[in-house]
Amino acid sequence: MAIIKCPECGQSVSELAANCPGCGCPINGNIDHCPECGAVVLKTYEECPVCHCPIKKMEEQKIEGSHLFQLASDAFNAGKAHQASVYAKQAAAAGCTDPVLADLQSRITAKLNAQEQKFTEVKHLFEEVHQPYSALALLDKLIAADPADEYLDYKDKVVLSVTKDLMAK
């Protein structure tokens, strides 16, 4: 049990007290600390009265970052590395502090690099070796693993080329 200063009137009060004896401010379950200066604040405060830190905005960003991290993790676990990469970048930009985010980002990068190698092989098969059916088979495997727009667009290009070739015969 700690003694704190009431954020409304400054009187000493137990953090377990239901209300401040001086001003009646609700204390128990209604107290938080400013993330910047550590001052005792009410959970309803938008801004710290001591350092003017935007408490509510920081909390919203933290929640948004955590949500985006969860979306990134879910997308990665579903095999959608491209989508996971977007969410992970947004989570980092929103200030997500989850220590697992860096690990997730490195796993996403490794997966994207492996997929990029396969996609380079697809383009080589189609554009240089002129084996559209082999390229299409490998591309279908890539799309099954991660239906990224880049892969879907390239599949349309390969299918269109094969269709034109068949129509010309």
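**Exercise 1. Decide whether S85 of this predicted model is buried or exposed, and find its contacts outside the local sequence.**

Solution. Start with the accessible area. The relative accessibility of S85 is 13%. Buried means under 20% relative accessible area, so S85 counts as buried. Next, place the residue: S85 belongs to helix α2, which covers residues 81-93. Last, set aside the neighbours within four places in sequence; S85 then touches I108 and L112. Contact here requires heavy atoms within 4.5 Å.

**Exercise 2. Classify S14 by its accessible area, and state which atom its side chain reaches.**

Solution. S14 is part of strand β2, residues 12-14. Its relative accessible area is 15%. With the limit for buried at under 20%, S14 is therefore buried. The side chain of S14 reaches the backbone nitrogen of L16, at a distance of 3.1 Å. A polar contact is a pair of N or O atoms within 3.5 Å.

**Exercise 3. Determine how α3 and α4 are oriented relative to each other, and describe their contact.**

Solution. Take the geometry before the residues.

1. Helix α3 spans residues 100-128, and helix α4 spans residues 132-145.
2. The axes of α3 and α4 come within 8 Å, and they cross at roughly 160 degrees.
3. Angles over 145 degrees count as roughly antiparallel, so α3 is roughly antiparallel to α4.
4. The handedness of the α3 and α4 crossing is left-handed.
5. On the α3 side, the contact is made by Q115, K118, F119, E121, V122, L125 and F126. On the α4 side, the residues are P132, S134, A135, L138, L139 and L142.
6. Sorted by class, the contact of α3 with α4 holds nine nonpolar, two polar and two charged residues.

**Exercise 4. Repeat the analysis for α4 and α5.**

Solution. Follow a similar order.

1. Helix α5 runs over residues 149-168.
2. The packing angle between α4 and α5 is about 155 degrees, and their axes are 10 Å apart.
3. With that angle, α4 is roughly antiparallel to α5.
4. The crossing in which α4 passes α5 is left-handed.
5. From α4, the residues in contact are P132, Y133, L136, L139, D140, L142 and I143. They meet Y151, L152, Y154, K155, V158, V159, V162 and L166 of α5.
6. The class count for the contact of α4 with α5 is 13 nonpolar, no polar and two charged residues.

**Exercise 5. For H52 and H130, give the sign of phi and the loop that holds each residue.**

Solution. Take H52 before H130. Phi of H52 is about 65 degrees, a positive value although H52 is not a glycine. H52 sits in the loop between β4 (40-42) and α1 (55-77). For H130, phi is near 60 degrees, also positive in a residue other than glycine. H130 lies in the loop between α3 and α4. The relative accessible area of H130 is 59%. Exposed means over 50%, so H130 is exposed.

**Exercise 6. Classify A102 by accessibility, and give its separation from V50 in sequence and in space.**

Solution. A102 is located in helix α3. Its relative accessibility is 52%. The limit for exposed is over 50%, so A102 counts as exposed. In sequence, A102 and V50 are 52 residues apart. In space, the separation of A102 and V50 is 33 Å, C-alpha to C-alpha.

Key. Residues are numbered from 1 along each chain as its sequence is written. This is a predicted model: local features need pLDDT of at least 70, side-chain atom pairs count only at pLDDT 80 or more; totals for chains, interfaces and linings use all residues. Side-chain values use heavy atoms; hydrogens and water are left out. Axes are lines fitted to C-alpha atoms, for helices over the stretch in contact, and angles run from 0 to 180 degrees between N-to-C directions. Helices (H or I, at least four residues) and strands (E, at least two) are DSSP runs, numbered from the N terminus. Angles under 35 degrees count as roughly parallel, over 145 as roughly antiparallel, 65 to 115 as roughly perpendicular and the rest as oblique. A crossing is left-handed if the near helix is turned anticlockwise from the far one by less than a right angle, and right-handed if clockwise. Ala, Val, Leu, Ile, Met, Phe, Trp, Tyr, Cys and Pro count as nonpolar, Asp, Glu, Lys and Arg as charged, and the others, Gly among them, as polar. Buried means under 20% relative accessible area, exposed over 50%, partly exposed in between (1.4 Å probe, protein chains only). A polar contact is a pair of N or O atoms within 3.5 Å; within protein, one must be able to donate a hydrogen and the other to accept it, and residues adjacent in sequence count only if both atoms are side-chain atoms.
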